[in-house]
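Biologist: I should like to learn how salt bridges and buried residues are read from a structure. Could we take one feature at a time?

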Amino acid sequence: MQMQTIKFVKKEVPKFATGTVATPGGAVYRVSSEWSREDTWGMIKSRVGAFRMNYTVQPGLYAVGEPTPESDVFVTANYKLSFDILRRELKEMDAWVLVLDTKSINVWCAAGKGTFGTDELVQRISATKLDTVVSHRRLILPQLGAVGVKAGEVQAKSGFRVAFGPVRASDIPAYVAAGYKKTEEMRTVKFPILDRLILTPMEINPAMKMFPWFAAAVLLLFGLEPAGIIFENSWFNGLPFLLLGLLSIFTGAFVTPVLLPFIPFRSFAIKGLLMGFLAMGAVMPLLGPSMGGDVVRLMAAWLFFPAATSYIALQFTGSTTFTGMTGVKKELRAGIPAYLTAAGFSLILVIVYKLKEWEVL
């Protein structure tokens, strides 16, 4: 009979920890309010989506400063950037930080998905034995997490009262100093141009990852001849489409988010479609002659690339507070069939162009 070997894995100490705090519920890591160079570099990489879904903090309870049983408990997501921003803003405060398991998703998005939610909060309160650590029964949650948490249900199941703090973590010290009262400024959800600009790399990165596949398909289609694939034809005829593809990514993932409030219409899909047509109109006087005035290719381009820009712009709904889950689902239900139709007809037009080129039609 074989004996089963049991491996004990030592829990890794977080690099941002500066020690531990003994509590009735067990030892809790004390975390620094200062960012290291590694934290800053991690923030940059997460902003461009390099390893965003693996940028996590272990869910549980943490201490900032020298918290006591009377100190406030702030709740956040286990997306490390959310956690880092909160601990930085709690500088010179003594507080507890309760981190929920949101699967490496920020508070706003996790609340919409349900991972920053009632059940996870109640479970985390129990798992950390929070009722033995603090003498009060108050929790302060980010306002943007309100959509996912039922305060009455949390209190009924755990005994802890939920208060929704300011939108921005930077307002927490003033909020606490004012006796836990929010001003209108603290309640207001803002999404200025700088915030939108910061998020654009996360939209550009996944789109650029798909571009090589698009480029390969374009070069294959335009280079295909009865005798085989002719590289010269592939490059000469496909180059305008490759440039328009890059233009769609730039317009949909960068220009549209930056100019978001100034573009007419509420729908992200329509905003992106409008910007796609404008971008096409701006460059076609330069690229059009390279298509030799071929009507079929021009029709394919005008049909496909504004739709592609619209699709890419629609992805930004996951990064903005301008819309909610209901609006996103509604746009996707209407948009996806339209995008597939545009792509399908564009492909048919390109095939017609090739058949004409081969003198089949």
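Modeller: Let us begin with helix α6 of this predicted model. Glutamate 153 and lysine 157 lie four residues apart in α6 (residues 151–158), so about one helical turn separates them. Their side chains meet in a salt bridge, with 2.8 Å from N to O.

Biologist: Why can such side chains pair?

Modeller: In general, side chains of opposite charge can pair when their charged atoms come close. Here, glutamate 153 is partly exposed, at a relative accessible area of 28%.

Biologist: Which distant parts of the chain does the pair of lysine 354 and glutamate 225 link?

Modeller: The side chains of lysine 354 and glutamate 225 meet in a salt bridge of 3.5 Å, N to O. Lysine 354 belongs to helix α13 (residues 325–357) and glutamate 225 to strand β8 (residues 224–225), 129 residues apart. Lysine 354 counts as buried at 5% relative accessibility, and glutamate 225 is buried at 14%.

Biologist: Which residues of helix α1 are buried, and which are exposed?

Modeller: A residue is called buried under 20% relative accessible area. In α1 (residues 37–47), Asp39, Gly42 and Ser46 are buried. They cover an arc of only 60 degrees around the axis, and therefore lie on the same side of α1. On the other side, Arg37 and Trp41 are exposed. The buried residues of α1 pack against α2 (80–89) and α9 (193–223).

Biologist: With which residue does aspartate 39 form a salt bridge?

Modeller: Its partner is lysine 80, with the closest N and O atoms 2.8 Å apart. This pair joins helix α1 to helix α2 across 41 residues. Asp39 and Lys80 also belong to a salt-bridge network with Asp84 and Arg87.

Methods. Residues numbered from 1 in each chain as written. Predicted model: local features only at pLDDT ≥ 70, side-chain atom pairs only at ≥ 80, totals over all residues. Heavy atoms only, no water. Buried < 20%, exposed > 50% of the residue type's maximum accessible area, 1.4 Å probe, protein only. Helix = DSSP H or I, 4+ residues; strand = E, 2+ residues; numbered from the N terminus. Arc of directions from axis to C-beta. Contact = heavy atoms within 4.5 Å. Salt bridge = Lys/Arg side-chain N within 4 Å of Asp/Glu carboxyl O.
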